[in-house]
Each structure stands twice: as structure tokens, then as C-alpha cells.
Amino acid sequence: RARVGRGNFDHRRDVHGRVRSGSRGLGTPEAEQGVKTPTMKKEPTVQSDRPIEERAAFDAIRYGSVWEDADILCEALAPVAKGGRLLTIASSGDNALALLTLDPAEVVAVDLSPAQLACVMIRVAAFTELDDEALLAFLGVTPSTTRDETYRHLRTVMPDDACAFWDAHLDLVRDGVIHAG
């Protein structure tokens, strides 16, 4: 079962619970021991006290495809995945859908961006409803002149908020959703 939801995160924290604004140098053994490396010039600081929704726009697709290696992600999570619950950033949905191959009980995909959640939902609909050839054509892997027609079918199985997003961005559907962002 896949579940998609909107997160409510204002900042990220490092392994010591300190608020950080980026990932430079964090996650390395030196950083985890509190040793400053050349990439850690100073303690990260929060740039603003305003909520993230006031500092960034989440109404546009930033990632229409994710180019990280899903095989590495799946290999790393395989020991705990079968029958378990996996949490992932929704992004475009590529990694969330790849995690389903590990036979978890549930994949929970969260994102602050409704546009990115719409990317996941259109992929879920496409993977569920289309055969391989139609799937590749609809997503934009292969050429197609029938994406509008395919989308009209897919929207019947998508949530209203995802339909509203894609209805307002039919040009992205026509170009193939993997090319958006």
C-alpha cells in the first residue's frame, strides 16, 4: 500500500538535534563527532523565523524525475523493508514507487509541495491503469500523441487535488510528466 501526504516540517535537524539549513558536512563521521571539516565552516543557522511556506513556493514542480539511483536506496532498505513501513520524500514519486518492489506493508511518501504530491499521484494512476507501452508513452519516455486522452482516463482514478493540479498544467501532461520541473 502506498500513502502520500503533505509534511509539516519547518526545519531539519542534524544528528545532535541542532537546527540546520543545509546538509554540507553533516552525516560524515567527523560531523557526527562534532569535528569541523573544511566543508563545515560554521554552525548552520535558521535563515528566518517565518514558516517555510512563506519562504519558498510549493506550487510548481521542481523535480519531474529523480535521478538518484533507486537500486542503491532499495539495497540499503531491503533488510528492513519486507512487511515494514517505509518513509520517503515524495519528490516525483520515482523512489517511492521503487520502494514498493521491496514488498513493504506500506510506503509513506511525504512532501511540503502539493505539486510534487501531484507527480506521485499521476504516476500511481499511470502504473495502476496502463500497460507498459502506454505507460512509457504517457510519462514521456517514448513519443505519444495520445497523452490528453490517457490523462482524461487517469484523472478518473486520481484524488481531486491531483486532478486540479494537472488540469491547470495540461501542457506538462502533453510534454510527458517526466520532463516537468
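## R147 in helix α7

Let's start with R147, which lies in helix α7, a stretch covering residues 147–154. Keep in mind as you look around that this is a predicted model.

R147 is buried, yet it has no salt bridge. The nearest side chain of opposite charge belongs to D175, and it is 6.2 Å away, whereas a salt bridge needs the charged atoms to be within 4 Å. A polar atom of the R147 side chain does lie 2.9 Å from the backbone oxygen of R174.

Who else surrounds R147? Setting aside neighbours within four places in sequence, R147 is in contact with A137, F138, G140, T142, V173, R174, D175 and G176.

## V177, after helix α9

Next, find V177 in the segment that follows α9 (170–175). Is V177 buried or exposed? V177 counts as buried because its relative accessibility is 0%.

Not counting residues up to four places away in sequence, V177 touches G64, I122, R123, F138, L139, W166 and L172. You can also compare V177 with S92: these two are 85 residues apart along the chain, and their C-alpha atoms are separated by 9.4 Å.

## The second largest pocket

Now for some empty space. The second largest pocket has a volume of about 290 Å³. It is lined by 13 residues, and the closest to its centre are D94, R123, F127, L139 and I178.

Which helices help to build this lining? At least two residues come from each of α4 (94–99), α5 (114–129) and α6 (132–139). Helix α4 gives the largest share, three residues.

Methods: Residues numbered from 1 in each chain as written. Predicted model: local features only at pLDDT ≥ 70, side-chain atom pairs only at ≥ 80, totals over all residues. Heavy atoms only, no water. Helix = DSSP H or I, 4+ residues; strand = E, 2+ residues; numbered from the N terminus. Buried < 20%, exposed > 50% of the residue type's maximum accessible area, 1.4 Å probe, protein only. Lys, Arg positive; Asp, Glu negative; His and termini not counted. Polar contact = N/O pair within 3.5 Å; in protein donor to acceptor, adjacent residues only side chain to side chain. Contact = heavy atoms within 4.5 Å. 1 Å grid on protein atoms, 1.4 Å probe; cavity = no way out; pocket = protein on both sides within 12 Å on 5 of 7 lines; lining within 4 Å. Points joined across faces, edges and corners; volume = space filled by probe spheres on them.
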